[in-house]
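I opened this entry to keep track of what I looked up, going from the whole chain inward.

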Amino acid sequence: MEKRVFISPGKYIQGVGVLSQMGEEVNKIGKNALVISDHVVWGIAEEMVVKSFEDSAASYFYEEFTGEASTTEIKRLAEVGKAQDSDVVVGLGGGKTIDTAKAVADVLNTPIVVAPSTASTDAPTSALSVIYSDEGVFEGYEFFDKNPDLVLVDSKVVVGAPAYLFASGIGDAMATLVESRASQKGNADTMAGGKATLAAQAIAQKAEEVLFDQGIAAYKAAKKGLVTPQVEAVIEANTLLSGLGFENGGLAVAHAVHNGFTALSGDIHDLSHGQKVAYGILTQLVLEGYSEKEILRYADFFKALELPITLADLHLDNAPYEDLLKIGQLATSEGETAHNMNPTLTAEQIADALLAVNELTMTAD
């Protein structure tokens, strides 16, 4: 039976200073929160979060996230939650913190509140986590029965993060329409467990429209720590529109290439998720046979955002073809999203497309 499915978080709140509402909002779904955050983000948000709980009837216990969304870390934090008798989990920070917190909440069978410190990924709204090994190699996706109960996005905190993370979020979000369009052409099921709805298609289209129209202006403002209407629009596109769009619309080659990059060691791991996805988008467009003009429309946009558009930008300009094949092999491995676009895609085709992107962007004006 073919069915259309649409899933979403229970509530989404975005604006300047909304972290000050965390205690009040948590109190609506739980009384004893396990707050997971890394030491950097906690140093930024601690005062506001602590006061928000002091002003509410809910209590909290803070436990530091050690940096990798791995099975080992998930088990450790779940044990902390059990020991504290936590009845709600709060993930405060970047994509890996959030993915870990969602998995911990699933183990504990509690509600989950997500408070991203950046607009760098579309992880906050989704009902899945990307799981890595303790060494940071991509292992797979873990799917949950429901999306987060609450997503709380403080725009002022977001623009206080390094600007490259804001740009990275745009790189990640730009994959939404590109991948969902390809996935739907292939009649693939989405992460939501069915075919894409009209709502998902409309959301993906709106995400790209907002990003092309306002992304560069928003990036320039965010670099100065400013919250403008363009910044608010792009935060929503990076977080809500992209999150709903990818999960309900479908993934394809761009994210598979990102995952393929984890097969390599070296300086490429200094790049963020969205920076690597941006190159994956260009790779997918080559594989789909888009014109040079259309591919360079995306590449020029990425260049204005200081996102990678050449192999040198990825620290792979001296990589042997065998390394590119390793990327292609992981990107086309069983269960990867590249098959949503083309189930017969080969490692060699991926490797050649990675090189073809570089030729286009290196020779463009």
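My notes below run from overall form to surface, charge and core.

Entry 1, model and fold. I am working from a predicted model. I looked up the secondary structure and found 15 helices and eight strands in the protein chain.

Entry 2, overall form. I took the box around the C-alpha atoms along the principal axes and got roughly 60 × 45 × 40 Å. I then checked the radius of gyration: a compact globule of 365 residues would have a value near 21 Å, and the protein chain has 20 Å, so the two agree.

Entry 3, contacts. I looked at contacts between residues at least 6 apart in sequence, and 78% of them join residues at least 24 apart.

Entry 4, burial and surface. I noted that 59% of the 365 residues are buried. The chain exposes about 14,500 Å², and carbon and sulfur atoms supply 50% of that area.

Entry 5, charge. I found 25 positive and 51 negative side chains. The centres of these two sets lie 6 Å apart.

Entry 6, cores. Which residues touch the most other members of the largest nonpolar core? I got Phe 166, Phe 261, Ile 281 and Phe 302, in a core of 69 residues. Helix 8, residues 198-223, gives the most to this core, with eight residues. I followed up Ile 281, leaving aside neighbours within four places in sequence: Ile 281 is in contact with Gly 171, Met 174, Ala 175, Val 178, Ala 254, Tyr 298 and Phe 302. I also noted a second, separate core of 22 residues, with Val 18, Ala 45, Val 49 and Leu 150 among them.

Methods: Residues are numbered from 1 along each chain as its sequence is written. This is a predicted model: local features need pLDDT of at least 70, side-chain atom pairs count only at pLDDT 80 or more; totals for chains, interfaces and linings use all residues. Side-chain values use heavy atoms; hydrogens and water are left out. Helices (H or I, at least four residues) and strands (E, at least two) are DSSP runs, numbered from the N terminus. The radius of gyration is taken over C-alpha atoms; the globule rule is 2.2 Å times the number of residues to the power 0.38. Buried means under 20% relative accessible area, exposed over 50%, partly exposed in between (1.4 Å probe, protein chains only). Contact means heavy atoms within 4.5 Å. Accessible areas come from the Shrake-Rupley method with a 1.4 Å probe; for residues, only the protein chains shown count as cover. Lys and Arg count as positive and Asp and Glu as negative; His and the chain ends are not counted. The place of a charge is taken as NZ of Lys, CZ of Arg, CG of Asp or CD of Glu. A nonpolar core is a set of buried Ala, Val, Leu, Ile, Met, Phe, Trp, Tyr and Cys residues joined through side-chain atoms within 4.5 Å.
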